[in-house]
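Me: I am new to this structure and would like a close look at a single part of it, taken slowly and set in the context of the rest. Please pick one element, and explain how its residues relate to what surrounds them.

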Amino acid sequence: MLLSAFGSLLQLLYLAMLVLAVVAFVFAATAREDAYRAADKKKKSFWLGILGVAVAVNLLIPLLFLQLAGVVASIVFMVDVRPALKAVSGGGGGRKGGSSSDGPYGPYNGGR
């Protein structure tokens, strides 16, 4: 029973790694090429290659070490590259103006 629960947990982990790699690959593919250059990140083809290999490894070669390398690449893309691409292409934040000192309920003036 314990082994089957561990096996199910491992299958969920593998599925989560695959989903993360696919989502990162889709985001990388839908971003504009010039946004990568404007954000001073690696080329689009570089990220598509790395993330494509991560997806292929997750689907075809179930070696945990290689899958973890793909997860690291996917996380780097999602945490570092994607926000930079969104900021450059004008899709970032959801803020429609305002100051950098604005809080969720209006401007913060330091108690003055």
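Reply: A helix is here a DSSP run of H or I with at least four residues, and a strand is a run of E with at least two, each kind being numbered from the N terminus. By that rule, the secondary structure of the protein chain in this predicted model comes to four helices and two strands, which follow one another from the N terminus in the order α-α-α-α-β-β. The part chosen for the close look is helix 4, which covers residues 64–88.

Some context for the whole chain may help before the details. Of the 112 residues in the protein chain, 22% are buried, and the accessible surface comes to about 7,800 Å², with 69% of that area belonging to carbon and sulfur atoms. Where contacts join residues at least 6 apart in sequence, 62% of them link residues at least 24 apart.

A good place to begin is Ser 74, which lies in helix 4. Ser 74 has a relative accessible area of 0%, and because buried means under 20%, this serine counts as buried. A polar atom of the Ser 74 side chain lies 2.9 Å from the backbone oxygen of Gly 70. Leaving out residues up to four places away in sequence, Ser 74 touches Leu 20, Ala 21, Ala 24 and Leu 51. Among these partners, Ala 21 and Ala 24 are listed with the buried residues of helix 1, while Leu 51 is one of the buried residues of helix 3.

The next residue along, Ile 75, also has its place in helix 4, but Ile 75 is partly exposed, with a relative accessible area of 42%. Beyond its neighbours within four places in sequence, Ile 75 is in contact with Leu 20 and Asp 80. The C-alpha atoms of Ile 75 and Ala 24 are 8.1 Å apart in space, although the two residues are 51 apart in sequence.

Asp 80 leads from these contacts to a charged pair, since the side chains of Asp 80 and Lys 41 meet in a salt bridge of 3.2 Å, N to O. Asp 80 belongs to helix 4, whereas Lys 41 sits in the loop between helix 2 (33–38) and helix 3 (44–60), so this pair ties together parts that are 39 residues apart in sequence. Both ends are partly exposed, Asp 80 at 39% relative accessibility and Lys 41 at 27%. The structure holds two salt bridges, and the other one joins the side chains of Arg 32 and Asp 34 at 3.0 Å, N to O. In that second pair, Arg 32 is partly exposed at 47%, as is Asp 34 at 34%.

The loop that holds Lys 41 deserves a short detour. Asp 40 lies in the loop between helix 2 and helix 3, is exposed at 69% relative accessibility, and has a positive phi of about 60° although it is not a glycine. Most residues other than glycine have a negative phi.

Helix 4 also takes part in the nonpolar interior. The largest nonpolar core has twelve residues, including Ala 24, Ala 28, Ala 35, Trp 47, Leu 51, Phe 77, Val 81, Ala 84 and Leu 85. Helix 1, helix 2, helix 3 and helix 4 are the elements that give two or more residues to this core, and helix 4 gives the most, with four residues. Leu 85 is further touched by Ala 35, which also touches Val 88, again not counting residues up to four places away in sequence.

Seen from its partners, helix 4 acts as cover. Helix 1 (residues 2–30) has 29 residues and reaches 42 Å from its first C-alpha to its last, close to the 42 Å expected at 1.5 Å a residue. The buried residues of helix 1 are Met 17, Leu 18, Ala 21, Ala 24 and Ala 28, and what covers them includes helix 2, helix 3 and helix 4. Helix 3 has 17 residues and reaches 24 Å, close to the expected 24 Å; its buried residues include Trp 47, Leu 51, Ala 54 and Val 55, with helix 1, helix 2 and helix 4 among their cover.

Conventions. Residues are numbered from 1 along each chain as its sequence is written. This is a predicted model: local features need pLDDT of at least 70, side-chain atom pairs count only at pLDDT 80 or more; totals for chains, interfaces and linings use all residues. Side-chain values use heavy atoms; hydrogens and water are left out. A salt bridge is a side-chain nitrogen of Lys or Arg within 4 Å of a carboxyl oxygen of Asp or Glu. Buried means under 20% relative accessible area, exposed over 50%, partly exposed in between (1.4 Å probe, protein chains only). A polar contact is a pair of N or O atoms within 3.5 Å; within protein, one must be able to donate a hydrogen and the other to accept it, and residues adjacent in sequence count only if both atoms are side-chain atoms. Contact means heavy atoms within 4.5 Å. Accessible areas come from the Shrake-Rupley method with a 1.4 Å probe; for residues, only the protein chains shown count as cover. The expected span of a helix is 1.5 Å times one less than its number of residues. A nonpolar core is a set of buried Ala, Val, Leu, Ile, Met, Phe, Trp, Tyr and Cys residues joined through side-chain atoms within 4.5 Å.
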